[in-house]
Amino acid sequence: MTSPYGLDGKAAVVTGGTRGIGREVARQLADAGARVCVTARDAADVRRTAAELGGVGLAGSVADPAHLSEVTELALRAFGRIDVVVNNAATNQPYGPLMDADPDAWRTAFTVNVEAPLRLVQCAWRAWMREHGGSVINVCTEGAGHVGPHVGAYGTSKAALLHLTRQLAGELAPRVRVNSVSPGLVRTEMARFVWEPGEAEVAAGLPLGRIGEPADVARAVVWLASDAAEWITGADLLVDGGTRVRAAHPGGYAVHDRLRSYAPPQP
Ligand SMILES: NC(=O)c1ccc[n+]([C@@H]2O[C@H](COP(=O)([O-])OP(=O)(O)OC[C@H]3O[C@@H](n4cnc5c(N)ncnc54)[C@H](OP(=O)(O)O)[C@@H]3O)[C@@H](O)[C@H]2O)c1
């Protein structure tokens, strides 16, 4: 089938591709004709997802540089190319005021959310993209654009990822396009503590009246990955149901109230 997105015959790596947004990104990339390599820490999830999508997968943490090299080698071995990299895996820990942030947990947030995307792009660049071109999409967050209660480490690391996106876009042009998507609140495990209690109230606070679904974000990622976006690099695409423009909306914004009153389980 000829894809309207021009991904037939292309190959993609999606980190954190077994659940939530990453799983749906991998599925939609495969539907658009791409062969996909998914990663996550849970080996059984990786095996199942790779089989379901007719692709390949490797279990491991993106925090491990050796794993990222192995993922690159696997994708090249399996597909002979790496046209698309989607840096989707992330951590939203440590949660809480920054004055209480544990330095190791803070460092892990930056390792997973910022350093790993850079390392994977370096691997893909050296192995394929420097010579043949490609498209990178980093999954950031709408929350990186403003200050929020208790999510300082996450927001700061994602703001760094936004800048990394622009920096790489400048450095890798014209061969490789580098863009990001910034989701608002999406119905996944990572954000369950925000959307599940009182979903109707949270949804009412959003201009478009509902929380996001992984498919909303995946469509944007696939479009940015494709030739339909061939003149776009260094861009951040908000996929947030209008979260950023909520100030003009009568419902206000319940997400921050939710975060403020959330008591995380003690480790
Ligand atoms: N959900 C939202 O409301 C929201 C909003 C804004 C931005 N985002 C961003 O969207 C992306 C996806 O989030 P999600 O909500 O879809 O999360 P999710 O449902 O919790 O899924 C996360 C995926 O990443 C994998 N993963 C987590 N840590 C990993 C690591 N260190 N190494 C490799 N894989 C790892 C998980 O599998 P394993 O646990 O097996 O490793 C899983 O496949 C993240 O970048 C997140 O920051 C989400």
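The legends below describe close-up views of the ligand site and of the cysteines in a predicted model.

**View 1. The shell of residues around the ligand.** The ligand is surrounded by 27 residues, each with a heavy atom within 4 Å of it, and Thr18, Arg41, Asn88, Tyr154 and Thr188 are the closest. By class, the shell holds 13 nonpolar, nine polar and five charged residues, where Ala, Val, Leu, Ile, Met, Phe, Trp, Tyr, Cys and Pro count as nonpolar, Asp, Glu, Lys and Arg as charged, and the others, Gly among them, as polar.

**View 2. Polar contacts to ligand oxygen atoms (N or O pairs within 3.5 Å).** A side-chain N or O atom of Tyr154 lies 2.5 Å from an oxygen atom of the ligand, and a polar side-chain atom of Thr18 is 2.7 Å from a ligand oxygen. Ile21 places a backbone N or O atom 2.8 Å from an oxygen atom of the ligand. Of the 890 Å² of accessible area that the ligand has on its own, the protein covers 94% (Shrake-Rupley method, 1.4 Å probe).

**View 3. Cysteines without a disulfide (a pair of cysteine sulfur atoms within 2.5 Å).** The structure holds zero disulfides. The sulfur of Cys37 is too far for a bond, because the closest cysteine sulfur, in Cys123, is 12 Å away. Cys37 has 0% relative accessibility and counts as buried (under 20% relative accessible area, 1.4 Å probe, protein chains only).

Residues are numbered from 1 along each chain as its sequence is written. In this predicted model local features need pLDDT of at least 70, side-chain atom pairs count only at pLDDT 80 or more, and totals for chains, interfaces and linings use all residues, while side-chain values use heavy atoms, with hydrogens and water left out.

Definitions and conventions:
Polar contact = N/O pair within 3.5 Å; in protein donor to acceptor, adjacent residues only side chain to side chain. Buried < 20%, exposed > 50% of the residue type's maximum accessible area, 1.4 Å probe, protein only.
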